[in-house]
Amino acid sequence: MQSITLIVLGKLNAAYYKQAAQEYAKRLSAYCRLEVVELDEELIAEKSASPAVIQKALEKEGKAILQAVPKGAALVAMCIEGKQLSSEELAEYFEKKALEGISSIAFVVGSSHGLSQEVKQKAQLRLSMSKMTFPHQLARVMLLEQIYRAYSINAKSKYHK
């Protein structure tokens, strides 16, 4: 059974996001071991949000992210400039990693300022859900749903039509 680690910056604040995330986590328990690691987002005062200040915050977040990645895990960085995959292609990615003997995959959802270059460079896959921008809390739920959908495709369940 594969292990999936979601490394996310910030916590789910809205009850409806929490409920949706819990529902997909429950469903995923049939297919994989899921761990969600919530890291603190570096707070940046709007007045001091210069590129240098943002860069420094991203670097600090990046170090915490990389420390949270399980040893031997394939790292997937969620970023807008990443590759877009269909649900079927994500399912194939999971199967390919299993065939390669990689039993752990870590997905990273960065802060509202994105991800550090170091995290992006260390990622084996840069993945984008869309060219559109989504709230980070919604992105977490969407990612959980797509992971669940990918596993259900591989299991040939009726969830994916």
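How many Å should the 14 residues of helix α1 span, and how far apart are its end C-alpha atoms? Select residues 15-28 to find out. At 1.5 Å a residue, helix α1 should span 20 Å, and its end C-alpha atoms are 20 Å apart, which agrees.

Before going further, a word on what you have open: this is a predicted model. The protein averages a pLDDT of 93, and 96% of the residues score at least 70. If you colour by pLDDT, look for strand β5 (residues 125-127), which has the highest mean among the elements, at 98. Helix α2 (residues 51-68) has the lowest, at 92.

**Stop 1: the two sides of α1**

Stay with helix α1 and show its side chains. Pick out Y17, A21, Y24 and L28, the buried residues of α1. They cover an arc of only 65 degrees around the axis, which puts them on the same side of α1. There is a simple reason for this kind of pattern: an α-helix has 3.6 residues a turn, so residues three or four places apart point the same way.

What do the buried residues of α1 pack against? Bring up β2 (32-39) and α5, and you have the partners. Now turn the view around: on the other side of α1, Y16, Q19, Q22 and K26 are exposed.

**Stop 2: the aromatic rings**

Next, select Y24, Y31, Y93, F94, F107, Y148, Y151 and Y159, which form one aromatic cluster. Y24 should look familiar, as it is one of the buried residues of α1. Across the whole structure, a search finds eight aromatic pairs.

Zoom in on F94 and F107. Their ring centres are 6.2 Å apart and their planes are at 90 degrees, so this pair is edge-to-face. The pair links distant parts of the chain, with F94 in helix α3 (residues 87-99) and F107 in strand β4 (residues 104-109), 13 residues apart. Are these two buried or exposed? F94 counts as buried at 1% relative accessibility, and F107 counts as buried at 0%.

Slide over to Y148 and Y159 for another pair. Here the ring centres lie 4.7 Å apart with the planes at 70 degrees, so this one is edge-to-face too. Y148 sits in helix α5 (residues 136-154) and Y159 in the segment after α5, 11 residues apart. Y148 is buried, with a relative accessible area of 11%, while Y159 counts as partly exposed at 25%.

**Stop 3: around F94**

Go back to F94 in helix α3 and show what surrounds this residue. Which residues does F94 touch, not counting those up to four places away in sequence? You should find Q2, I4, I105, F107, I147, A150, Y151 and N154. Try a distance on one of them: the C-alpha atoms of F94 and I147 are separated by 9.1 Å, although the two are 53 residues apart along the chain.

**Stop 4: T5 in strand β1**

Finish with T5, which lies in strand β1 (residues 2-9). At 3% relative accessibility, T5 counts as buried. Leaving aside neighbours within four places in sequence, T5 is in contact with E35, V37, P70, I105, A106 and F107. Two of those names, I105 and F107, were on the list for F94 as well.

Terms used
Residues are numbered from 1 along each chain as its sequence is written. This is a predicted model: local features need pLDDT of at least 70, side-chain atom pairs count only at pLDDT 80 or more; totals for chains, interfaces and linings use all residues. Side-chain values use heavy atoms; hydrogens and water are left out. pLDDT is the predictor's confidence in each residue, from 0 to 100. Helices (H or I, at least four residues) and strands (E, at least two) are DSSP runs, numbered from the N terminus. Rings of Phe, Tyr and Trp (its six-membered ring) pair if their centres lie within 6.5 Å; planes under 30 degrees apart count as stacked, over 60 as edge-to-face and the rest as tilted. Buried means under 20% relative accessible area, exposed over 50%, partly exposed in between (1.4 Å probe, protein chains only). The expected span of a helix is 1.5 Å times one less than its number of residues. The arc is that of the directions from the helix axis to the C-beta atoms. Contact means heavy atoms within 4.5 Å.
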